[in-house]
Amino acid sequence: MPAPLRSLPPQTKKRKLAHTSSVVSEIKQLEDELSSAIKSNASLNKVADLLELIVGPRGEALQPQELSKGIYSLYRVFTLVIASGKLSIQGEGAAKAVKTWLWERLNGYTDFLVLLMKDEEKVIRVSALQILFSLQKHLSSAQTAAATATDGASTSRPEFHLSHFRKVVSGLLLCPSRSGSSDGVIDADVLDTFDETWFSVYDDIRWFFLRESVGVLEKAPSSSQATASKNLLSILERLNTFPTDKEELNSWWVAELGAKPPKPKKTSANEDSDDDDEPTPNDEEDDDWRKFFDEPTPTDTKKAPSARLHTLTVHQSLHSLASHRAVFTRAWLSLLPRLGAPTDAVRALNVMHRGVLPHLTRAVLVMDWIAGWVDVGGSVGLLALNGLFLMMRDYNLDYPSFYTRLYKFLDREVLHLRHRARFFRMTEMFLSSSHLPATLLASFIKRLSRLSLNAPPAAIVMIIPFIYNILKKHPALMVMIHRDADSGFVDPFDPAEPNPLSTGALESSLWELYSHRQHYHATVSTLCKVFTEAFTKPGYAMEDFLDHTYATLFDTEVNRKIKREPALAMEEGRSERVEFFPSVVVEEGEGVQMDVVNELWVF
């Protein structure tokens, strides 16, 4: 009997393909008609139809392929509209009405692209970002051309379309979505594309983003403040190509901005007038904040006075290294107070020494924020101390309580935590100066010696070479290992004293390290013998000891070559040695000799 015929599969896939084909055909037809209308200067009413198909209620049912076709179709139509000059027509009546209507349609399309940067499809997200930046270039060039036609080539300046760019910055930091239920966090692919394609490449994009991000943060709703700050941090911490010389300002997304600006007027040391400040028609905000970042007036009267930052036009600012540093400083100063979580502070402090401090107008501006995290302790406090130390060393910061705060970190937890190796790396750098007083250094090595009494072996093998290096560099501390402790010796060290200059450590000794000669771990006991020998060995390379853990110590013991077989049983004492384990066990009234250690392993 033949097998029964199976029922036909559902036709949803064919219907879906047919629907896709019809939508794509409709999009292409509308685009062709609009392209012809733009060239012939005919009616552009069908722009609304194309927008309704893509952006309107019908667009919610589009498949990713259809949506991608639609947004690129709209992009091509609007670039033709921008190039035709219809968005910059001067006049009243019908011309003004058409211009207003087209701007409303373009703004609706731009707002839709901003929402697509949080789409579920990666291709759609990246495409939306690329289209937004391409429109930025077209709009800026068209605005420059319109200004040149109105003012003349001799007086016009290159323009950057700010209102469009502010939407892009807002989308990157606030991350709204079409569904309205966004987590507010910038997606990794959008972040990578923005950083690698524009932010770390083009000087004009970086300058405008740094300036406009401050306004977005300040105006963001309270519910979005935290995520917007994290998004800005994610962008700023990736910046590793900030210019350090004026010659490096040579890459422009809007090509017109690369033209050499007119030289700014010089202002004398006693003059701070704004009379020479040219108006900036595309800048709606007052830029007086730039006065705060102006460098102090030079005391050398022979040096030619330079123009103040707040007197520069936008075009001149883009070609000024001091202006780039000013917007960079303002962005970080606006961001740092909004980083309330320790994890975010750690991220900021990790890039502070190499990516932030060298480019600030004045490094002292972030001192209060860094110092505020020192008292938190842990890894964030240690990183904050590192930031303060670099400011003291490289930027002449006066911070007298630095070593008092560092001494406070030496508690019993520091030798048991994950960031133990980082702590020793930084502390070695902090104590590397040969000008530190012996009293201060004595407190640090005495405190570490005391903490080693209940530290794990992996920490002790860090402490011993660390202290050896300090003793070798500062011979005045050698008295601490040569002081004899008789039976009546009372250690004068005060472990509860918070000031390292008043602990009495220099009058004490390092008897704690001497006790490790009998440590149960062979590596510790062997290493500790270095203090009983002549100090002729060179200093230890601390990196050889900082990464030790229980696992590495165990592997070392397992892989050690055994030269002499270890004792597997205890020999009965023939002298007056103390027996830690009894060798006689009474069993049923009779004394029976047995190996007690062996019996411990019988289950």
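Reader: What share of the contacts between residues at least 6 apart in sequence join residues at least 24 apart?

Author: First the term: a contact means heavy atoms within 4.5 Å. Among contacts between residues at least 6 apart in sequence, 73% join residues at least 24 apart. Keep in mind that this is a predicted model, where local features need pLDDT of at least 70, side-chain atom pairs count only at pLDDT 80 or more, and totals for chains, interfaces and linings use all residues. Residues are numbered from 1 along each chain as its sequence is written, and side-chain values use heavy atoms, with hydrogens and water left out.

Reader: OK, and what is the mean pLDDT of the protein?

Author: pLDDT is the predictor's confidence in each residue, on a scale from 0 to 100. Here the mean is 83, and 82% of the residues reach 70 or more. Two stretches deserve some care. Over residues 11-17 pLDDT stays under 50, and the model has 1 contact beyond four places in sequence for them. Residues 268-289 also stay under 50, and for these the model has 39 such contacts beyond four places in sequence.

Reader: How many helices and strands does the protein have?

Author: Helices (H or I, at least four residues) and strands (E, at least two) are DSSP runs, numbered from the N terminus. The protein has 23 helices and 2 strands.

Reader: And what percentage of the residues count as buried?

Author: Buried means under 20% relative accessible area, exposed means over 50%, and partly exposed is in between (1.4 Å probe, protein chains only). Of the 603 residues, 45% count as buried. Take Ser127 as a small example: it lies in helix α5 (residues 122-151) and is buried, at 6% relative accessibility. Leaving aside neighbours within four places in sequence, Ser127 touches Ile71 and Tyr72.

Reader: How far apart are the end C-alpha atoms of helix α12?

Author: The yardstick is the expected span, 1.5 Å times one less than the number of residues. Helix α12 (residues 342-356) has 15 residues, yet its end C-alpha atoms are only 18 Å apart, short of the 21 Å that a straight helix would reach.

Reader: Where is the kink in α12 centred?

Author: To find a bend at a residue, you take the angle between axes fitted to the seven residues ending there and the seven starting there. In α12 there is a kink of about 30°, centred on Asn350.

Reader: Which residues of α12 are buried?

Author: A general idea helps here: an α-helix has 3.6 residues a turn, so residues three or four places apart point the same way. The buried residues of α12 include Ala345, Ala348, Leu349 and Met352. As a group, the buried residues of α12 pack against α9 (225-236), α11 (321-335), α13 (367-374) and α14 (378-394).

Reader: How does the reach of α17 sit beside the expected value?

Author: Helix α17 (residues 438-451) has 14 residues and reaches 20 Å from its first C-alpha to its last, close to the 20 Å expected. Now look at its surroundings: 11 of the 14 residues are buried, so α17 is largely enclosed by the rest of the structure. Among the buried ones are Leu441, Phe444, Ile445 and Leu448. The buried residues of α17 pack against α15 (402-408), α16 (420-430), α18 (457-473), α19 (479-482) and α20 (511-515).

Reader: What is Arg450 in contact with?

Author: Arg450 is in helix α17 and is partly exposed, with a relative accessible area of 24%. Leaving aside neighbours within four places in sequence, Arg450 is in contact with Asp491, Phe493, Pro495, Trp511 and Glu512. The C-alpha atoms of Arg450 and Arg412 are separated by 9.4 Å, with the two residues 38 apart along the chain.

Reader: Which residue in the loop between α1 and α2 should I look at?

Author: Start with the background: most residues other than glycine have a negative phi, and most peptide bonds are trans. Asn41, in the loop between α1 (12-40) and α2 (46-54), has a positive phi of about 60° although it is not a glycine. Asn41 is exposed, with a relative accessible area of 57%. Cys175 also has a positive phi, near 55°; it is found in the loop between α6 (162-174) and α7 (188-199) and is buried, at 4%.

Reader: How many disulfides are there?

Author: A disulfide is a pair of cysteine sulfur atoms within 2.5 Å. By this rule the count is 0.
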